[in-house]
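Let's take a walk through this protein together. Have a look at the chain from one end to the other, and then read on.

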Amino acid sequence: MGCYECCMRCLGGVPYVSLVATLLCFSGIALFCGCGHQALTESERLIETYFTRDHQDYITLAYLIEYFQYIIYGLASFFFLYCIVLLAEGFYTTSAARQSFGEFRSTVCGRCLSTTFIVITYFLVVVWLLVFSLSALPVYFFYNMANTCHTINILSETPSSINQLCIDARQYGLLPWNAVPGKACGMTLSNVCKTREFFLIYDLYIAAFAGAGMTVLALNSRWQ
């Protein structure tokens, strides 16, 4: 066998779909976990600074953010290993593997492994669809903030009108109903939207949302 035939045989054994899906999954998980972790940290500071005065008002939120961050650590570790296993399984079930290990091993053992991973991946697709949907909620919250601030800037010549424009963190379940003030209105809200932290958090949540979408696409393409 010449060098050309050997190279073509090796390239023919590469599971390109699994390879692309693995890289897409790695990228999506990195975006979601990295940006999501930092966005949660910055969100806690933003809520603490502009929406409440008492530490007890946002202590539940602080605990939830801490728990979510631990979940993110677990997700990153799990999917790092799982994607590597899926990629190895993709290499194992290619035509090159059938030529190397024989038809019996590739059809019985390989198909058994493939079926197992398909079931697991199908379950993960459903879970990540839920994660993808939930990750849209903070994007929606900050989009409403940005839209309200834009309206305030347009109506800045009529102070009596802009003071009625508010974003109430209590309505989104971020703070308890007895939190004071629990909301930001008028020029106070406009000043919040002009801070570096606001734009940073907004961009981080959008990136995390995109990362969740990439992960869903990667798992769905691998499942098919």
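**Where the model is shaky, and where it isn't**

Start with a weak spot: over residues 101-106, pLDDT stays under 50. For that stretch, the model has eight contacts beyond four places in sequence. Keep in mind that what you're looking at is a predicted model, and pLDDT is the predictor's own confidence in each residue, on a scale from 0 to 100.

How do the elements compare on that score? Helix α4, at residues 95-101, has the lowest mean pLDDT of the elements, at 50. At the other end sits helix α6 (residues 136-154), which has the highest, with a mean of 90. For the protein, the mean pLDDT is 80, and 79% of the residues reach 70 or more.

Now for the layout. You can count nine helices and two strands here. Going from the N terminus, the order is α-α-α-α-α-α-α-β-β-α-α.

Next, a bit of record-keeping. An unreviewed UniProt entry places "transmembrane region" features at residues 16-40, 70-92, 113-137 and 199-219. Take residues 199-219: in the model this stretch is 100% helix and 0% strand, and the C-alpha atoms at its ends lie 30 Å apart.

Finally, how does the chain pack? Take the contacts between residues at least 6 apart in sequence: 77% of them join residues at least 24 apart. Of the 224 residues, 39% count as buried. The protein exposes about 12,800 Å², and carbon and sulfur atoms supply 67% of that area.

Methods
Residues are numbered from 1 along each chain as its sequence is written. This is a predicted model: local features need pLDDT of at least 70, side-chain atom pairs count only at pLDDT 80 or more; totals for chains, interfaces and linings use all residues. Side-chain values use heavy atoms; hydrogens and water are left out. UniProt positions are given in the numbering used here, feature names are shortened, and annotations may be inferred rather than shown by experiment. Helices (H or I, at least four residues) and strands (E, at least two) are DSSP runs, numbered from the N terminus. Contact means heavy atoms within 4.5 Å. Buried means under 20% relative accessible area, exposed over 50%, partly exposed in between (1.4 Å probe, protein chains only). Accessible areas come from the Shrake-Rupley method with a 1.4 Å probe; for residues, only the protein chains shown count as cover.
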